[in-house]
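Me: Please take a close look at one part of this model. I should like a connected account of how that part is placed and what surrounds it.

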Amino acid sequence: MTQKRIGFFTRLLDKAPAAERYRLATEQIRHAEALGFESAWVAQHHFHEQEGGLPSPLVFLAHAGAHTSKIRLGTGIITLPMENALRVAEDAAVTDLLTGGRLELGLGSGGTPGSFAPFGLTFEQRSAAFAANLATLTRAWQGGALAGTDNHLYPAAQGLNDRIWIATFSPEGAARAGKAGHGLMLSRTQPRPAGQPSLPLDALQNPVIDAYLEALPAGIAPRILASRTAFVADDRHYARKVALPGLTAQAESYRKAGHQLRGDTLDDFIGQFDAHIGDPPDVLSSLLTDSSLSRVTDISFQVHSVEPEHQDVLRSLELISRYIAPVLRQSAATLQPERIA
């Protein structure tokens, strides 16, 4: 039985200026490493500081790598359509060398629709741009000639093509990732189909896992990472008190975007955004109801959209490490494409 790997994920949303956000995130990653977390992941967001505090994840991960020694460092995600693919290939190769081969590359086509225009793209062009940039990226990491010239990537990438992860909501995207032998990244939450606001998250994500596994070539080990919101405190009432402002703000943004909400109570918001909040028994019990988690190889925990203070984040990591990670690590799956209703 292969143990599940447990990670920490941050969008760098601490209520502080950018430099302090980066310092706190570095401390959180160091803390996660000391507690035995196997990976740390950072999100990329451009322009909008309330959505995410980091436009340059590879720069930050090179810094984090200098302050850690063994935890794997991943992007969750780089929005590849907005990037120059060759520059990503070069920066990733350098970052991987500086971190001793610890880099994991999560890639996606999404992002905030309004952020595409400054990069000369429309939101509707993102899928085609993603496919073209991914092809350029993988070709560079394979050592191929670049754009029909005699130029080749320097420094050469050491196995980065085997550490690509693709973020997607859809079975179709998962099948493409599986066929290419990439890893699959599942979101902490995702919008429900019209008229089904109470549909469980695993009902949406199990078909995505099915499609990925069915497309994965024989002999390629599956890599499936599920991100989940989990805020754990010593006292469940304190955890809920801390969670209320952030989840309320998330609900307001969700409603403004035209999505249907389940209701207006804290429990409605917790269900709406697939959050796991409370003391250790509460959170563990909640996580164990998610059937898709038994089928993944990796789980990364984030506190978004709760947005607790820094010390509460550190304590949540401690409680996850002590009470929750040991149970989840042992809940390994067979990872066969057997459908779960």
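Reply: For helix packing, an axis is a line fitted to C-alpha atoms over the stretch in contact, and the angle is taken between N-to-C directions, from 0 to 180 degrees. The model is a predicted one, and the part chosen here is helix 2, residues 57–66.

Helix 2 and helix 3 pack with their axes 9 Å apart and at an angle of about 10°. Angles under 35 degrees count as roughly parallel, so helix 2 is roughly parallel to helix 3. From helix 2, the residues that meet helix 3 are Leu58, Leu61 and Ala62. Their counterparts in helix 3 are Val88, Asp91, Ala92, Thr95 and Leu98.

Which residues of helix 2 are buried? They are Pro57, Leu58, Phe60, Leu61, Ala64 and Gly65. Viewed down the helix axis, these buried residues fall within an arc of 155°, and they therefore line one face of helix 2. Val59 and Ala66, on the other side of the helix, are exposed. In general, nonpolar side chains of soluble globular proteins tend to be buried together.

The buried residues of helix 2 pack against several elements of the chain. Two of these are helices, namely helix 1 (18–34) and helix 3 (85–98). The others are strand 2 (39–42), strand 3 (72–79) and strand 4 (103–108).

The loop between strand 2 and helix 2 contains Phe47. The phi angle of Phe47 is near 75°, a positive value in a residue other than glycine. Is Phe47 buried or exposed? Phe47 is exposed, since its relative accessible area is 55%, and a residue counts as exposed over 50%.

Helix 3 also leads to a residue outside helix 2. Val88 and Ala92, which meet helix 2, are among the residues touched by Trp141. Beyond its neighbours up to four places away in sequence, Trp141 also touches Ala89, Leu105, Leu153, Ala157, Leu160, Asn161 and Ile164. Trp141 and Leu107 have the most contacts inside the largest nonpolar core, which has 81 residues. Helix 10 (residues 310–329) gives the most to this core, contributing seven residues. Another core, of seven residues, lies apart from it and includes Trp41, Ala43, Ile77 and Leu225.

Two cis peptide bonds belong to loops elsewhere in the model. One joins Tyr154 and Pro155, with omega at about -5°; Pro155 lies in the loop between helix 4 (126–141) and strand 5 (164–167). The other runs from His304 to Ser305, with omega near 15°, and Ser305 lies in the loop between strand 9 (298–302) and helix 10. Glu307 is also placed in the loop between strand 9 and helix 10. Its phi is near 55°, again positive in a residue other than glycine. At 19% relative accessibility, Glu307 counts as buried, whereas Phe47 is exposed.

To return to the main subject, helix 2 has one face lined by its buried residues, two exposed residues, Val59 and Ala66, on the other side, and a roughly parallel arrangement with helix 3.

Terms used. Residues numbered from 1 in each chain as written. Predicted model: local features only at pLDDT ≥ 70, side-chain atom pairs only at ≥ 80, totals over all residues. Heavy atoms only, no water. Buried < 20%, exposed > 50% of the residue type's maximum accessible area, 1.4 Å probe, protein only. Helix = DSSP H or I, 4+ residues; strand = E, 2+ residues; numbered from the N terminus. Arc of directions from axis to C-beta. Contact = heavy atoms within 4.5 Å. Core = buried A, V, L, I, M, F, W, Y, C linked by side-chain atoms within 4.5 Å. Parallel < 35°, antiparallel > 145°, perpendicular 65-115°, else oblique.
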